[in-house]
Amino acid sequence: MEVLVRPGDSFWYYSQVFSMPLPLIEDSNPDIDPLRLIAGTPVQIPGYITETYVVQPNDSFWSIANRYQSTVEQVQLLNPNILPNQLQIGQTITVPIRVSQFVVDDPGQYTYEKMQQDLNQLLTIYPFLRREQIGQSVLGKDIDEIQIGRGQKTVHVNGSFHANEWITTPVLMRFINEYALSLTNGRPVRGLFLLPFYQTVNLSVVPMVNPDGVNLVIQGADAAGDRKEEVLAINSQQADFSQWKANIRGVDLNNQYPALWEVEAERKPTSPAPRDFPGTSPLTEPEAIAMADLAKTRNFARMSALHTQGKVIYWGFQNLEPPEAEQLANEFSRVSGFTPIRFIDSYAGYKDWFIQEFRRPGFTIELGLGTNPLPVEQFPEMYEETLGILLANLYMP
Ligand SMILES: [Zn+2]
């Protein structure tokens, strides 16, 4: 929601009037110097939307504010050109509405476009969220990263490396939404107030690493555009793409990393396939490259990749993981009920490469139980279990 600066206004004053933490107002207006507010400048107030109200007989600013659980001060700020004692019947007034509901409320068939819609809404309501395009998919879709927080320590999570594990995307989107709701409403999540973590942690989220693959699984071959014949050929002419894990070229993005890649190349498919083909060499695919570049530029303190299924947490790679990886895995396990597992006979994944490259804690976390793609009916339980892990990611040192 936007207000126009009046002479004498300050971010501190807006923070009081709207009961909104000052850092969130500052970060929602990155181009404005709080010490040099200029009258007439539009300022973003996070956590609010507006509605238009038509003045009725006997209305006053006070009665209108009351009707919307707002205050006279708020209504005055939004209507700087209307004098309270000159309200006219039929005149329109802008009223603020505090957002207390989720935007991300439908995890079903969560395509790239559905994610974009939710992201656009979240960024409009919560301008302190930062979106960056970290690369493009084979079909040219922007791969989005969302960052939340002003801390020096960057903690990263991602979802949908594997196409038919797309339910991990709405899990992350819902969490971004819950984090923003908690911050703007001063509402704790599981007893935790999150503003201190906003100050000390920078959370980086890539909710959909493989957008082309996700749309292929959900929408079928038409989602592949010019590559329709190619994906049908790779899929043995089957119209059902529910078993597809790869990107649109039939390369398994989580087998693309130079961390014992040769081991996988030796025993996995040698040509494009719905799953497991590691490519002709490491890091040939734009989605995998974008994620490698991101890890390098952001200097992640730790990283978690969400997959399905199994309710397990993989946390080791060739003894290269640091000691704190075990403590983190144990805490993740405690809050989710998932089983921590150190080693697995699987290589060339993002987690493997991350541990090898940076010697920092990296995790592959398998949500839910059953056969992929997991039914959306599992979402509520899956979200609750994962929420514990995502919070631990913020509060663990
Ligand atoms: Zn997976």
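1. Rings of Phe, Tyr and Trp (its six-membered ring) pair here if their centres lie within 6.5 Å, with planes under 30 degrees apart counted as stacked, over 60 as edge-to-face and the rest as tilted. On that basis, Phe161, Tyr257, Phe300, Tyr350, Trp353, Phe354 and Phe358 make up one aromatic cluster. A search of the whole structure gives 19 aromatic pairs.

2. Before going on: this is a predicted model, where local features need pLDDT of at least 70 and side-chain atom pairs count only at pLDDT 80 or more, while totals for chains, interfaces and linings use all residues. Residues are numbered from 1 along each chain as its sequence is written, and side-chain values use heavy atoms, with hydrogens and water left out.

3. Have a look at helix 6 (residues 168-185; helices are DSSP runs of H or I, at least four residues, numbered from the N terminus). Phenylalanine 175 and tyrosine 179 sit there four residues apart, about one turn of the helix. Their rings are 6.0 Å centre to centre with 35° between the planes, a tilted pair. Both residues are buried (under 20% relative accessible area, 1.4 Å probe, protein chains only).

4. Now helix 14 (residues 379-395), which holds phenylalanine 379 and tyrosine 383, again four residues apart, about one turn of the helix. Phenylalanine 379 and tyrosine 383 are buried too. What are the ring centres and planes of phenylalanine 379 and tyrosine 383 doing? The centres are 6.1 Å apart and the planes at 15°, so this pair is stacked.

5. One charge to check: arginine 174 lies over the face of phenylalanine 102, 3.5 Å from the ring centre. The criterion is CZ of Arg (or NZ of Lys) within 6 Å of the ring centre and within 35 degrees of the ring normal.

Methods. Helix = DSSP H or I, 4+ residues; strand = E, 2+ residues; numbered from the N terminus. Buried < 20%, exposed > 50% of the residue type's maximum accessible area, 1.4 Å probe, protein only.
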